[in-house]
Amino acid sequence: MPGIVIVGAQWGDEGKGKATDLLGSRIDYVVKFNGGNNAGHTVVIGDEKYALHLLPSGILTEGVVPVIGNGVVIDLEVLFEELDALSARGVDISKLKISANAHIIAPYHRTIDKVTERFLGKRQIGTTGRGIGPAYADKINRVGIRIQDLFDESILRQKVEGALFQKNQLLLKVYNRRAITVDEIVTELLSYADRVAPMVCDTALELNSALERGQNVLFEGGQATMLDVDHGTYPFVTSSSATAGGASTGSGVGPTRIDRVIGIAKAYITRVGAGPFPTELFDEWGDFLVEHGGEFGTTTGRRRRPGWYDAPIARYASRVNGLTDIVLTKLDVLTGLERIPVCVAYDVDGRRFDEVPVSQSDFHHAKPIYEEFPGWSEDITGARSFEELPKNAQDYVLALEQMSGTRISAIGVGPGRDAIIVRHDLVG
Ligand code: GDP
Ligand code: IMO
Ligand code: MG
């Protein structure tokens, strides 16, 4: 006791990094269980700002053992760049453990990600271009390269040959690119082998033993519910399991050992990349949210698409993740709005939907039905208890709680580590 999962309840960038950091001091292990360096978590500690991509946010907390689980795809060049940058800033990186079964993002995955997007034209997903989709495709297609393959050159060579066989046909004949040689890939991958070797272990064994000893393990999800390959707005999703179930498959810890599932939700919503988004704003209110919330991607710098809070999505996230708690972030960003609309249901060509429609066509056509709440103008960034919030802010939170189907256990009122109101303990 306990195993705690953190997942994004919307389309990403909800403040998962900050939430992980918040719990950090009471946690023994933080495991990243899905995705790769498509994630971007900004954590603000005092005057210092850290941007993490591939590494779990828990690496910033002294004493925590950071783990990259088997469900993650690893770009080794990025791994060492990120480690070196943190180390140069005085962060202890020596405890990092990496699953022997995690898959590797090879240079050809990045190439294929970019050319595929280009060729999709209008239908493109707007990926981060990090090679995430092609690396997971190879994993499922059983031609992936795993971390443990780095330690047996002859196996590595065979696997790279297998992976490149079809890809070179594709690159040459379909995309008109140059072929990639087995040698260049094997040489590059082997150049990381010695440095990564001491970090590699059976992370599932390590994590299960930790839980047996009574230690606290936090499973940190990248991306979010609506970007999950099964439960998100397919095909406008990422290629991994970003919902709570992914914490088990992506770490090798069974669902019976998970005690809490915490969904992180902004007090409004943003989305990066293409795909449906019913509450999206194209007016000055959208600009207000982007400006006040600093809504530019941590990974690609893209302007995030802004929109009002969507209660059916919160209920959907509560359901498919089995949320026990919500951490509502960025409430402070709404300060200064006279009225705050919240989507309570959708209108689809004259039909009312109280829940997220299962049909993609219906969701694409969904128009939000709004209920408006009165705003507040007082600065709330210094509030540290619920009672210190203005009455209208309290009522807004209580209304979201009632509509979202899960209790709101903490409320973010600023980017800093301590800018949070805790209503219910998240670890105990
Ligand atoms: P993640 O990908 O879910 O970890 O989120 P990102 O780091 O991509 O984006 C969240 C951004 O919001 C970061 O810049 C955080 O520093 C910031 N942030 C988190 N919580 C709050 C909050 O309560 N208020 C404000 N103003 N900013 C916050
Ligand atoms: P964090 O962990 C927001 C989006 C991309 C694109 C789609 C697929 O910071 O919340 P991919 O490169 O994963 O194949 O792109 O998913 N996307 C994210 N959007 N936050 C993220 O991560 C994201 N990771 C991927 O913009 O639409
Ligand atoms: Mg992010």
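# A guided tour, starting at the end of a helix

Begin by selecting glycine 322: this residue follows helix α10 and has a positive phi, near 60°. As you look around, keep in mind that you are viewing a predicted model.

**Stop 1: helix α10**

Now extend your selection backwards to residues 311-321, which make up α10. How many of its 11 residues are buried? Nine of them are, so the helix is mostly covered. Colour the buried ones to see the pattern: Ala311, Pro312, Ile313, Ala314, Arg315, Tyr316, Ala317, Ser318 and Asn321. Then go to the start of the helix and show the side chain of aspartate 310. One of its oxygens comes within 3.1 Å of the backbone nitrogen of isoleucine 313.

**Stop 2: the magnesium ion**

Next, select ligand 3, the magnesium ion. Which protein atoms serve as its donors? They are an OD atom of Asp13 and the O atom of Gly40, lying 2.0 Å from the ion. Trace the chain from each donor. Aspartate 13 belongs to the loop between β1 (3-8) and α1 (16-23), while glycine 40 belongs to the loop between β2 (29-32) and β3 (41-45), so this pair ties together parts that are 27 residues apart in sequence.

Are these two donors buried or exposed? Aspartate 13 is partly exposed, at 23% relative accessible area, whereas glycine 40 is buried, at 12%. Since buried means under 20%, the two residues fall on either side of that cut-off.

Stay on aspartate 13 a moment longer and look at its backbone. Its phi is positive, about 60°, although the residue is not a glycine. Most residues other than glycine have a negative phi.

**Stop 3: ligand 1**

Keep aspartate 13 on display and add ligand 1. An N or O atom in the side chain of aspartate 13 is 3.0 Å from an oxygen atom of this ligand. Two further side chains are worth showing here. Arginine 304 places a side-chain N or O atom 3.1 Å from a ligand oxygen, and aspartate 332 has a polar side-chain atom 2.7 Å from a nitrogen of ligand 1. On its own, the ligand exposes 590 Å², of which the protein buries 92%.

Widen the view to the surroundings of ligand 1, made up of 20 residues. The closest are Lys16, Gly40, His41, Thr42 and Asp332. Both α1 and β3 contribute at least two residues each to this shell. If you show pockets, you will find ligand 1 in the second largest one.

**Stop 4: ligand 2**

Move on to ligand 2, whose space is the largest pocket. It too is surrounded by 20 residues, and the closest are Lys16, Asn38, Thr128, Gln223 and Thr238. Show the backbone here, and start with glycine 40, which you met at the magnesium ion as a donor. A polar backbone atom of glycine 40 is 2.9 Å from an oxygen of ligand 2. Glutamine 223 brings a backbone N or O atom to 2.8 Å from a ligand oxygen, and valine 272 has a polar backbone atom 3.1 Å from an oxygen of the ligand. Of the 550 Å² of accessible area that ligand 2 has by itself, the protein covers 97%.

**Stop 5: the loop between β10 and α8**

Select proline 235, in the loop between β10 (217-220) and α8 (245-249). What kind of peptide bond joins it to tyrosine 234? The bond is cis, with omega about 5°. Most peptide bonds are trans.

Glycine 232 lies in the loop between β10 and α8 as well, and it is buried at 16% relative accessible area. Draw a distance from its C-alpha atom to that of leucine 54: the separation is 21 Å, and the two residues are 178 apart along the chain.

**Stop 6: two more loops**

Jump to asparagine 70, in the loop between β5 (65-68) and β6 (73-74). This residue counts as buried, at 16% relative accessibility. A polar atom of its side chain lies 2.8 Å from the backbone oxygen of threonine 249.

Finish at aspartate 349, in the loop between β15 (339-348) and β16 (351-353). Here you meet another positive phi, about 45°, in a residue that is not a glycine. Aspartate 349 counts as exposed, with 60% relative accessibility.

Methods
Residues numbered from 1 in each chain as written. Chains lettered and ligands numbered in written order. Predicted model: local features only at pLDDT ≥ 70, side-chain atom pairs only at ≥ 80, totals over all residues. Heavy atoms only, no water. Donors = N, O, S within 2.8 Å, 3.2 Å for Na, K, Ca; no water. Helix = DSSP H or I, 4+ residues; strand = E, 2+ residues; numbered from the N terminus. Buried < 20%, exposed > 50% of the residue type's maximum accessible area, 1.4 Å probe, protein only. Near = heavy atom within 4 Å. Polar contact = N/O pair within 3.5 Å; in protein donor to acceptor, adjacent residues only side chain to side chain. Areas by Shrake-Rupley, 256 points an atom, 1.4 Å probe, with all protein chains shown as cover. 1 Å grid on protein atoms, 1.4 Å probe; cavity = no way out; pocket = protein on both sides within 12 Å on 5 of 7 lines; lining within 4 Å. Sits in = over half its atoms within 2 Å of the grid points.
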